Amino acid sequence: MTVKQISVFLENRPGALAEFTRILEKSNMNLRALSLAESEDFGIVRVIVDDPFETIRILKDEGYVCSITKVIAVEIQDKPGALVRMLNILGDNQVNLEYSYAFLAKKANSAFMILRVEDNDKAIKVLTQNGIRPICHDDMEKMFK
Amino acid sequence: MEHYFNPEVECASREQITAWQNERLVKQVERVYNTVPYYRKKMDDLGVKPSDIHGIQDLHLLPTMTKDDLRDQYPSGLLAVPMSECVRIHSTSGTTGRRVVAYYTQNDIDLWEECCARALAAAGATKDDVVQVCYGYGLFTGGAGLHGGSHKLGSLTLPMSSGNTDRQLQFMTDLGTTVLCCTPSYAAYLTESINERGLRDQIKLKAGIFGAEAWTEEMRRDIENGLGIKAYDIYGLTEISGPGVAFECSEQHGMHVNEDHFIVETINPKTGEPVPHGEKGEIVFTSITKEAFPLIRYRTKDIGVLNDEPCSCGRTHVRMSKPMGRSDDMLIVKGVNVFPSQIETVLLNCGYPANYQIVVTRANNSDRIEVQVEMTPEMFSDSLKEISAREKQLVTALKAMLGIYCVVKLVAPKTIARSEGKAKRVIDKRDLYKG
């Protein structure tokens, strides 16, 4: 019930992100979501792609330091209050959010949230109990077809 | 008018200085041969006996010593008196956690303090002066040396130690400091602070003694003009005693070596052959009056030139130039000795690869050291927090090893320049030894 996120180490300099995306383009990888975290001297780019294992292989060949992390993806309705409801469920159950980002799917009125938490199992359990079902990588891919 | 602390010695004839050196060297060699097994072995290995040494003309027959010998004999293998005769130690940081520990008898302390008193007197200090010592106190010799010298001279001594600029400036203005002792970079920083705060007309400084790190003539001019003082250089190293091994006089052209205590030579760092005065060579000292921790022909790794021309100040002791470079890879950053191998040790201990680069810069007369490390799959995480925490651990470990703050910069794999398959470890952009 998780999706595979790829995290990549990038230097904090002009053009670093462009070089990275050029590699994805060259290898025909489809980018579903992207988020950037930066410190003073480096950044971590986190992406969701259609084929994570192939992407990792290509990136490693190109000399990037990268890793796969299992993160939670949930579909929420694209309307006011939907995000609050989900976050309240996590907060009420003491699930701490490390980071999070959103993207839109092809389906109308629907958005996805990517959630990185310490304990995936616990987060999935409390979300499911409250009627929000996290999706897996294949489910997500179907949404883009 | 030139001030001297001990004019009979400082202005003695060359014949007199040589006579002192001959007598003291012969005694010292005999003593270390008989009391320190390590020296005996080194001399035996070379087939040299104390009876072969009749005076300074035979100095070249003796084996040289390096920091490696000191580390090898850590902590007390080179002690030449019973431990009960020692009253103090000082220490420098060393590679792989092994420090150099120097021992002092009361007599060693007295002689060292006299050397510092000579330096203070040469800078114009008398018993009527107020001497503010902002070198670090503790294991470092800077604070203790100038503190003791100031006492010997009878000056009012302000044992400030380093840092806390607000307090430094308050004492400087309230107590009317006339002589400042600190590293040149801190002097430059204080100069700026004084002028920024408009304190220039409230200070009574007339001179400063600035050592423990390399500084340029431009820096001297900045400090002198910025404070309206004369700025003097001082040289020393813990192994030989501490600051005051050599010091500048009013001429400000080279540092007089206290030759009644230290014989100075220059040698070719590659062959070990003596280099004549006036030519560049590695500076080598023999401490001929030290009791606890005498060193025979200690190679400083500092490259410099000796000058035996008469000096306008009236002192007769030979002058050494400012160090013009190093014959090893040691860096002096913020007055602290830094070896790249120390940084390498920390990196490996913290799980980083040994592929790194050290970049040293100086802005506004203050040193900055940056350690660039390549990111590895093992050290990587999707969490910024985790990577930053590891980075902080590394900064803390570097601080513990070196005693100074280093900036850590994580860079992408294979981005550190490699030349001929070997990485260029150190980029020193300070140009300290220029000209």
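These legends accompany a set of close-up views of a predicted model.

**View 1. The two domains of chain A, side by side.** Chain A splits into domain 1, covering 3–69, and domain 2, covering 71–144. Their C-alpha centres are 22 Å apart. Where they touch, domain 1 of chain A supplies 10 residues and domain 2 of chain A supplies 12. On the domain 1 side, the elements that give two or more residues are strand S1 (3–11) and strand S2 (31–38) of chain A. S2(A) gives the most to that side, with four residues. Sorted by class, the domain 1 side holds four nonpolar, three polar and three charged residues.

**View 2. Helix H4 of chain A and its two faces.** Here we look at helix H4 (residues 120–129) of chain A, whose buried residues are A:Ala123, A:Ile124 and A:Leu127. These three sit on the same side of H4(A) because they cover an arc of only 100 degrees around the axis. The spacing makes sense in general terms: an α-helix has 3.6 residues a turn, so residues three or four places apart point the same way. What do the buried residues of H4(A) pack against? Their partners in chain A are strand S4 (66–77), helix H3 (82–92) and strand S6 (110–117). Turned away from the buried side, the other face of H4(A) carries the exposed residues A:Asp121 and A:Gln129. After the helix comes A:Gly131, which has a positive phi near 85 degrees.

**View 3. Where chain B meets chain A.** This contact takes 14 residues from chain B and 15 residues from chain A. On the chain B side, helix H11 (384–402) and strand S19 (407–411) are the elements that give two or more residues. S19(B) gives the most to this side, with three residues. The chain B side divides into eight nonpolar, three polar and three charged residues.

**View 4. Helix H5 of chain B, an enclosed helix.** With 17 residues (106–122) at 1.5 Å a residue, helix H5 of chain B should span 24 Å, and its end C-alpha atoms are indeed 24 Å apart. Is H5(B) largely enclosed or largely open? Of its 17 residues, 13 are buried, so H5(B) is largely enclosed by the rest of the structure. The helix is followed by B:Gly124, where phi is positive, near 100 degrees.

**View 5. A cis peptide bond ahead of B:Pro75.** The bond to look for runs from B:Tyr74 to B:Pro75; this peptide bond is cis, with omega near 0 degrees. To place it in the chain, find the loop between helix H4 (67–72) and strand S1 (86–92) of chain B, where B:Pro75 lies.

**View 6. Two residues of chain B with positive phi.** Start with B:Ala212, which is not a glycine yet has a positive phi of about 80 degrees. B:Ala212 belongs to the loop between strand S6 (207–211) and helix H9 (217–227) of chain B. Since 20 or more other C-beta atoms within 10 Å make a residue buried, B:Ala212 counts as buried because it has 27. Next is B:Arg297, also not a glycine, with a positive phi of about 50 degrees. This arginine is found in the loop between strand S11 (280–287) and strand S12 (298–307) of chain B. B:Arg297 has 19 other C-beta atoms within 10 Å, so this residue is partly exposed.

Conventions. Residues are numbered from 1 along each chain as its sequence is written. Chains are lettered from A and ligands numbered from 1 in the order in which they are written. This is a predicted model: local features need pLDDT of at least 70, side-chain atom pairs count only at pLDDT 80 or more; totals for chains, interfaces and linings use all residues. A residue is buried if 20 or more other C-beta atoms lie within 10 Å of its own, exposed if 12 or fewer, and partly exposed in between; C-beta atoms are placed from the backbone. The arc is that of the directions from the helix axis to the C-beta atoms. Two residues are in contact if their C-beta atoms, placed from the backbone, lie within 7 Å. Ala, Val, Leu, Ile, Met, Phe, Trp, Tyr, Cys and Pro count as nonpolar, Asp, Glu, Lys and Arg as charged, and the others, Gly among them, as polar. The expected span of a helix is 1.5 Å times one less than its number of residues. Domain bounds come from an automatic or database domain assignment.
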